[in-house]
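Here is a short tour of one chain and its ligand, written with a modeller's eye in mind. Have a look at the sequence and the 3D view, then follow the topics below.

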Amino acid sequence: MNAPLEHPVQLDPRFARAAAASALRAQLVAQCRGDVLFDTASRGRYSTDASVYQIFPIGVVVPRDADDVRTALAVAREQRVAVLPRGAGSSQCGQTVGEALVIDHSKFLNRVVAFDAEAMTATVQPGVVLDQLNAFLRPHGLWLPVDVSTSAQATIGGMAGNNSCGSRSIAYGNMVHNVLGIDAILADGSEIAFGPIGKMARTGRAGALVDGLAGIGARERDEIARVVPKVLRRVGGYNLDVFEPQSVRPYTADGSTNLAQLLVGSEGTLAYFAQITVQLARLPAHRTLGVVNFGSFRTAMESAQHIVELGPTAVELVDRTMLDLARANPAFRAVIERALIGEPDAILLVEFAGADAAEQLAQLGRLEELVGDLGLTGAVVRVTSPQAQKELWEVRKAGLNIMMSMKGDGKPVSFIEDCAVPLEHLAEYTERLTQVFRKHGTQGTWYAHASVGTLHVRPILDMRRGGAQKMRAIAEEASAMVREYKGAYSGEHGDGLCRGEWVAWQFGPRLNAAFAEVKALFDPDNRMNPGKIVAPPKMDDASLFRVAPGFRRIALQPSLDWSAWNVDRDPMTGVETAPGTGGDATGGLAKAVEMCNNNGHCRKFDAGTMCPSYRVTRDEQHSTRGRANTLRLVLSGQLDGADLAGEAVQAALDLCVSCKGCKRECPTGIDMAKLKIEALAARAARHGVSLGDRLTASLPRYAPWLSRMRWLPALRDRLPGAAWLAERFFGLSAKRALPRWQGNFLRAAPVAPAAPPAAGKEVLLFVDTFSNYFAHENARAARRVLEAAGYTVRTNARAGDRPLCCGRTFLAAGLVDDAKSEARRTLDALLPYLRRGVAIVGLEPSCVLGMRDEFLDYGFGADAQLLAEQTLLFEEFLVREKAAGRLALALRRLPETEALLHGHCHQKAFAAVKPVVEVLGWVPGLTTRLVESSCCGMAGAFGHEARHHAVSMAMGELSLLPAVRAASAATLVIADGFSCRHQIHDGTGREAQHAARILERALA
Ligand SMILES: Cc1cc2nc3c(=O)[nH]c(=O)nc-3n(C[C@H](O)[C@H](O)[C@H](O)COP(=O)(O)OP(=O)(O)OC[C@H]3O[C@@H](n4cnc5c(N)ncnc54)[C@H](O)[C@@H]3O)c2cc1C
Ligand code: SF4
Ligand code: SF4
């Protein structure tokens, strides 16, 4: 027998952790009704927020209700692990990143629990999103006025956790000024309703806590008065000044102490907020905006202190760099240019709001006078229409994101982005800090809250190369200035990992020790989000970075061309190196994925297209961000050796409908539809393609002969059991009818006369596979309209061969080589037309816009560029021709007077919906209403697949199908997409039509 070991073997802590995690998981699965996510990919998706940090959590629980939260806290207590509450995870300082059990309340805990219109209060669960709450309150003329830029995704729990502040804080204060009560669950399981101290229980755990806090508050009164910055925007540390208020705005009307406000800004370190009661404000009946144009940035900064004297609700800065970036962005150009006079160096957006419109106009007059007195007569642009104001605010809100769209490894990094200084020092502070940036070989763009001295600025740093050192050096110089000006180092975004170490610096050793006492009173075992506010790590501990030392990208050869992302960028000049020179071993694919900065905008759910799969599932995995993070972790070898063809990527991308919503709406331009092609291609190369997918993909190739035997596919819907068999063998949902074959339009279509057309009057009508075999009426209608307008119409028919095709069906199956060969064949055939300036005009948005988009990624160079420039959707072509004076269409009134239009996702992604509205507007007496819809859910073959049928219908039900059902029988339903029309039919029984058919019917 062996002798006993002298020293017991030490288990590798990773194994110990894994064992604990597995016990934790098992208990949570057994006891919670919500989702329990412990796989590496899920943990990876929760390892980051909008900061530069990354720490894998132990696991994630997505509670279905408050009982699940109680259970999660109890299980964590039993297993002795830390807990980290999380909302949208849009924090900029690493607050939501930690080795803990993450409790994500954003999916299920999103109910408004109580609402009192008279008292103007609401009690909400923590997962309610600000825009969701304000949409609920709008009919009552109320709102929660802490209007953060992330209002579309930020949860009230997270806003309370961070003490968030909006653009209008000068008028309404920060979250701390608007929270009345918090029902909290402590790490030990006690439940305490925090509110006015006088009304709180004074016995048991609550009593001990209240007495303890009151004792600290009384003891530290003088120190609080001495060290807490006297500015509105101070969100660092704990709000011990509820006992001795230092904010320029009172916390309570009568100066009494409300302990819920001490919890605000505690970043999940003290307790879990189960319900939050907020004070609401009346929505101002009128708003007006004056845009002050400044020739110099310094003058803008010097003027802010005078402008606030006029009592505006907001004064927001947009500097020259951001103005230039906004002008370069097609989505923002027109809006920003309307607000500018010449080439200003900076603008201030000055808003006045209230009940009296005349008074606000008078205020604008006073602004003009004041600006005139400052030597800038005529520098104010009045923006009085609500729509124009909304558009301008959207540009301002998108400011940071516009900036984040810069390519290369150097990125604007948030760590001193919200220092708050008194207004009289703003000009000097910004000038000096700009010099500090220069000294460190970088620069930053200034924008945001000039009204309260909190200007956002992010120096551009490459966290792989010297970023950490520069970060610390700049932080030290910035903090010295903040102290000199008696400002606050953290004026909006909180402490987290990046500013935690500055808490002691800001508040001194005595208050820092008091903060530790507060923490111990609530959470003696340090279980709630440890390492934030109290005992934080160093901000520049590179092992905590998303690009930690040793970060690499795995080498691979992508199927598409990503070289435009494979660049570097000079932080000072902004000059980019040539495509393909950025040193990315994945040819730019990884850099394209790394563009995602985790801001979480893809979690919005009420406007635009992005992201339909998140909207129906509310799962992080199925958001654009979740997908981008999965790909980033895979491409950097951080997911247990998983690769692009692996299960983690497949699971994350499975519900992506390739709508391209993110390509347009993601602020950094993440193009998940294109990324999905890479993943599908990798998977197809590894595992081959299923029979069903191959059948769908090859449709353009077998369609010519199958269209002659239309009875054959029709059997699938006629023979009993055939649909079931098709579902079994091809995965095609038996719940859907297949499209009905109509023969081959192009084979039967008349050939255009050989005689040369009138100058500029030749067009090639590209009849896609779907219009050609399933929707002749659209191709016919388009042809008739074009001919009625005097055009000679050629087509993509090929004598003795099958018609030309864009190859999209192949892409959807990952068969990139087949797609490329289809595309090359089409391009070669179209080149003679393109070279003589003929427009290629098509009907099906995904085919036509694919020729403008994916064709550019195949490496076809200038040929593809030429095609992209000359390929147009039918309505785009008509609008272009009309604007050029080449189109005269005589149209008559129709019996219908109303049309309901659903834009195909790709039309939305390419701003091609407006032309449809415009051409429908040419029909006398017809009014068109646009459905505010995301993807219809059909998305080509996606909705036909049995495993996606339910999700597909749920996407349709988000807004499109209810809107169609609500439309009167006399309303024309219009949808240019073949799939969209199919979905509308399946979901409502209504027949939607292509816009070409409406024009055809209206031809005089
Ligand atoms: C592009 C961009 C713009 C931004 N603009 C603004 C702005 O204008 N103003 C502003 O103030 N901030 C802004 N932020 C920061 C951030 O969006 C806000 O602080 C937001 O309110 C956080 O909400 P969230 O749901 O994402 O919270 P999360 O980031 O998920 O959580 C925030 C903190 O609250 C804690 N927490 C979450 N839920 C609970 C709970 N139930 N109980 C206890 N603690 C909890 C978390 O642990 C964490 O510490 C911006 C961020 C980005 C990326
Ligand atoms: S995918 Fe885009 S919108 Fe979503 S978090 Fe990333 S950058 Fe933001
Ligand atoms: S392409 Fe559409 S479904 Fe896919 S991630 Fe982007 S927005 Fe979401």
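Ligand 1 is surrounded by 37 residues, and the closest are P85, G87, S90, S91 and C165. Please keep in mind as you read that this is a predicted model. From the ligand site we move on to a five-stranded sheet, then to two helices, and finally to some backbone spots worth a look.

**Around ligand 1**

- Which side chain places a polar atom 3.3 Å from a nitrogen atom of ligand 1? That side chain belongs to H105.
- T150 has a polar side-chain atom at 2.8 Å from an oxygen atom of ligand 1.
- The side chain of S164 also takes part, with an N or O atom 2.8 Å from an oxygen atom of ligand 1.

**The open sheet**

- Five strands make up an open sheet, and reading across it gives the order β5-β6-β10-β8-β9, with antiparallel pairing.
- At the edges sit β5 (112-116) and β9 (191-194), each of which pairs on one side only.
- From one strand to the next, the twist averages 10°.
- If you walk across the sheet from β5, the step to β6 is an antiparallel pairing over 4 bridges. Here D116 stands opposite T121 in β6.
- The hairpin of β5 and β6 has 4 residues between the strands, and M120 in this hairpin takes a positive phi near 55°.
- Strand β6 (residues 121-124) is covered on both faces. T121 and T123 are buried on one side, while A122 and V124 are buried on the other.
- How many bridges join β6 to β10? There are 4, and the two strands run antiparallel. V124 has I276 as its bridge partner in β10.
- Further across, β10 (residues 272-279) pairs with β8 (residues 179-185) in the antiparallel sense, over 6 bridges. In this pairing G181 stands opposite T277 in β10.

**Helix α16 and its surroundings**

- Helix α16 covers residues 426-439, which makes 14 residues. From its first C-alpha to its last it reaches 20 Å, close to the 20 Å expected at 1.5 Å a residue.
- Which residues of α16 are buried? They are L426, A427, Y429, T430, L433, V436 and F437.
- Those buried residues pack against two helices and two strands: α10 (297-307), α17 (467-484), β17 (446-449) and β18 (454-457).
- After α16 comes G441, with a positive phi near 70°.

**Helix α34, mostly covered**

- In helix α34 (residues 845-852), 8 of its 8 residues are buried.
- The buried set is P845, S846, C847, V848, L849, G850, M851 and R852. If you are scanning for charged side chains, note that R852 is one of the buried residues here.

**Backbone spots to check**

- As background, most residues other than glycine have a negative phi, and most peptide bonds are trans.
- R80 is not a glycine, yet its phi is positive, at about 60°. R80 lies in the loop between α3 (66-79) and β3 (83-86).
- Is R80 buried or exposed? R80 counts as exposed because its relative accessibility is 66%, and the cut-off for exposed is over 50%.
- R618 is also not a glycine and has a positive phi of about 55°. Its place is the loop between α20 and α21 (624-635).
- With a relative accessible area of 23%, R618 is partly exposed.
- The peptide bond from M610 to C611 is cis, and its omega is near -10°. C611 itself lies in the loop between α19 (589-594) and α20 (612-617).

**A884, out in a loop**

- Where does A884 lie? A884 is in the loop between α36 (874-883) and β24 (898-902).
- A884 has a relative accessible area of 43%, so this residue is partly exposed.
- A884 and Q275 are 609 residues apart along the chain, and 59 Å separates their C-alpha atoms.

Methods. Residues numbered from 1 in each chain as written. Chains lettered and ligands numbered in written order. Predicted model: local features only at pLDDT ≥ 70, side-chain atom pairs only at ≥ 80, totals over all residues. Heavy atoms only, no water. Expected span 1.5 Å × (residues − 1). Buried < 20%, exposed > 50% of the residue type's maximum accessible area, 1.4 Å probe, protein only. Contact = heavy atoms within 4.5 Å. Pairing = 2+ DSSP bridges. Axes fitted to C-alpha atoms, helices over the stretch in contact; angles between N-to-C directions. Near = heavy atom within 4 Å. Polar contact = N/O pair within 3.5 Å; in protein donor to acceptor, adjacent residues only side chain to side chain.
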